[in-house]
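Work through the exercises below with the coordinates open beside you. Each one sets a task and is followed by a solution that proceeds step by step.

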Protein chains: 2
Amino acid sequence: MARKEHALIVAGGKGTRIRSSLPKQFLTLHGKPVLMHTLEAFFRYSPDLSVVLVLPEDELKKWEGLVAKHPISGKVVVQTGGQTRFQSVRRGLGRLSGDGLVAIHDGVRPLVSTDIIGASFRLAAVHKTAVAAVRLKESIRMTDQDTTRAMDRSSFRLIQTPQTFDLDLIQRAYEIQETPDLTDDASVAERSGHTISLFEGSYENIKITTAEDLIVAEALLGSRK
Amino acid sequence: MARKEHALIVAGGKGTRIRSSLPKQFLTLHGKPVLMHTLEAFFRYSPDLSVVLVLPEDELKKWEGLVAKHPISGKVVVQTGGQTRFQSVRRGLGRLSGDGLVAIHDGVRPLVSTDIIGASFRLAAVHKTAVAAVRLKESIRMTDQDTTRAMDRSSFRLIQTPQTFDLDLIQRAYEIQETPDLTDDASVAERSGHTISLFEGSYENIKITTAEDLIVAEALLGSRK
């Protein structure tokens with residue numbers, strides 16, 4: 001029997017990199033907040049998906065106002081976040097239980113496709129970990145103190161979300177001590193001894209962190225219609 | 001006295017990755033071929049810049065037709081390319097001489113700014129090499145046979161063009177034997193024993209290799225107006 005599927009959407013950013021007082025996940029993309037696009041992408045995959053949304057405490061009011069204006073087509077459990085992404089994810093995972101799978105996804109990646117979400121759950125059911133990744137389009141160099149050297153770009157992958165896991169595995173993994181090098185969920189699972197399986201993400205699945213990213217997202221979304 | 005500045009624009013692609021019979025550099029961006037935008041970017045930096053354009057032999061006719069329809073504001077010396085990018089650059093360098101600097105640039109990076117071109121010449125005048133590079137926005141993993149491991153993304157840079165060099169240095173560097181791992185000009189200079197200096201490129205300075213890239217370029221170009 002298929003295992004229960006959850007999504008954990010992390011929307012913690014403060015909008016500092018993008019020159020705006022509004023957190024990035026609330027910026028408007030084709031008339032709707034970025035975060036609403038992200039949530040709808042998951043409900044398009046499965047209308048009765050179990051979704052936990054982690055939000056900073058001081059954005060809950062803002063969120064309630066936005067939901068009233070832009071109703072969402074599925075049920076969302078809201079959890080307040082912590083000081084860091086690590087703590088926010090840990091809190092979100094605390095809201096889930098049972099023998100399931102969880103897709104952890106950035107609130108500011110609104111262009112994630114149904115195919116990618118589906119692939120991540122299918123692969124995580126087999127391998128326990130399934131992390132979206134893309135090949136490098138450009139050459140890559142490693143930098144040292146005052147020199148740099150060419151690396152073989154075919155050996156590297158840029159990491160996206162969703163990062164989908166066996167729920168029990170990732171809950172236990174998040175019991176470790178937080179350190180600054182744990183930049184994503186895969187690195188937390190890896191620190192706890194698990195092998196990370198990658199699958200093919202998409203160049204369109206961008207993370208909105210700058211003003212240009214929003215322009216790019218508008219264009220890519222427009223081209224889908 | 002300032003040294004003579006050259007630009008070597010390499011337009012060798014065959015349009016295989018983007019589903020189109022037209023080579024990528026000839027695709028239309030805001031009503032003008034991508035390559036014309038690239039050339040105009042260099043003439044905006046300096047109207048009397050010495051520019052060599054390397055084109056595949058079987059695209060020369062196409063090029064002449066395009067120039068007739070879309071006149072360029074500066075003088076361009078056209079050189080036919082070789083079988084690989086390495087050979088094309090080597091041929092282009094053969095058209096230049098004297099104690100100058102040369103900015104080698106992809107024909108399919110039309111959004112390069114005047115600031116970046118200027119910075120590359122200024123830095124190359126001091127350090128002999130100046131390569132545009134950006135930090136990674138995403139986590140990065142290294143892949144082995146059947147495993148992957150998290151890397152510290154702050155140690156890496158994605159490499160763009162322009163890659164600007166002391167002309168004599170890069171001409172001599174291109175005398176080496178071509179190997180498949182020489183993916184860009186910086187790796188050729190490095191193989192010849194030179195230290196590669198990086199400078200801050202721009203996320204907008206994209207390389208057009210897919211259909212989505214063209215959509216993104218249209219949007220970014222539109223937002224500048």
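**Exercise 1. Unusual backbone geometry**

In which strand of chain B does P162(B) lie? Locate the residue, then examine the peptide bond that leads into it and look for its counterpart in the other chain.

Solution. Keep in mind throughout that this is a predicted model. As a starting point, P162(B) lies in strand 10 of chain B. The next step is the bond from T161(B) to P162(B), which is cis, with omega near 10 degrees. Turning to chain A, the bond from T161(A) to P162(A) is cis, with omega near 10 degrees, and P162(A) has its place in strand 10 of chain A, residues 156-166. A further backbone feature is found at K128(A), a residue other than glycine whose phi is positive, near 75 degrees; K128(A) belongs to the loop between helix 4 (114-127) and strand 7 (129-135) of chain A. As background, most peptide bonds are trans, and most residues other than glycine have a negative phi.

**Exercise 2. Strand pairing within and between chains**

Determine how strand 8 of chain B pairs with strand 9 of chain B, and then find the strand of chain B to which strand 8 of chain A is joined.

Solution. Within chain B, strands 8 and 9 pair in the antiparallel sense over 4 bridges, and the two form a hairpin with 4 residues between them. One position that can be checked in this pairing is I140(B), which stands opposite M151(B) in strand 9 of chain B. Between the chains, strand 8 of chain A (residues 139-143) is joined by 4 bridges to strand 10 of chain B, and these strands run antiparallel. Here M142(A) stands opposite F156(B), a residue in strand 10 of chain B.

**Exercise 3. The interface and its symmetry**

Characterise the contact between the chains by residues, area and polar interactions, and then state which operation relates the two copies.

Solution. Begin with the residues: 40 of chain B are in contact with 40 of chain A. The chains bury about 3,500 Å² between them, of which 58% is on carbon and sulfur atoms. On the side of chain B, E138(B), S139(B) and R141(B) lose the most area to chain A, together accounting for 18% of what that side buries.

Next, consider the polar interactions, which comprise 18 residue pairs in polar contact across the interface, both residues being at pLDDT 80 or more. Helix 7 of chain B contributes the most to the side that touches chain A, with 7 residues, and the residues of that side divide into 15 nonpolar, 13 polar and 12 charged. The count of salt bridges between the chains is 6; among the salt bridges is that of R141(B) with E190(A), at 2.7 Å from N to O.

Finally, superpose the copies: a rotation of 180 degrees with 0.0 Å of shift along its axis brings chain B onto chain A, with an RMSD of 0.0 Å. The two copies are therefore related as by a two-fold rotation axis. The same surface serves both, since 100% of the contact residues of chain B recur in chain A.

**Exercise 4. A salt bridge within a helix**

How many residues apart are R172(A) and D168(A) in helix 5 of chain A?

Solution. First establish the interaction: R172(A) forms a salt bridge with D168(A), with the closest N and O atoms 3.0 Å apart. The two are 4 residues apart in helix 5 (residues 167-173) of chain A, so about one helical turn separates them. Over all chains, a search of the whole structure finds 22 salt bridges.

Technical notes. Residues numbered from 1 in each chain as written. Chains lettered and ligands numbered in written order. Predicted model: local features only at pLDDT ≥ 70, side-chain atom pairs only at ≥ 80, totals over all residues. Heavy atoms only, no water. Contact = heavy atoms within 4.5 Å. Buried area = accessible area lost by both parts, 1.4 Å probe. Salt bridge = Lys/Arg side-chain N within 4 Å of Asp/Glu carboxyl O. Polar contact = N/O pair within 3.5 Å; in protein donor to acceptor, adjacent residues only side chain to side chain. Nonpolar A, V, L, I, M, F, W, Y, C, P; charged D, E, K, R; others polar. Pairing = 2+ DSSP bridges. Least-squares fit on C-alpha atoms with pLDDT ≥ 70 in both.
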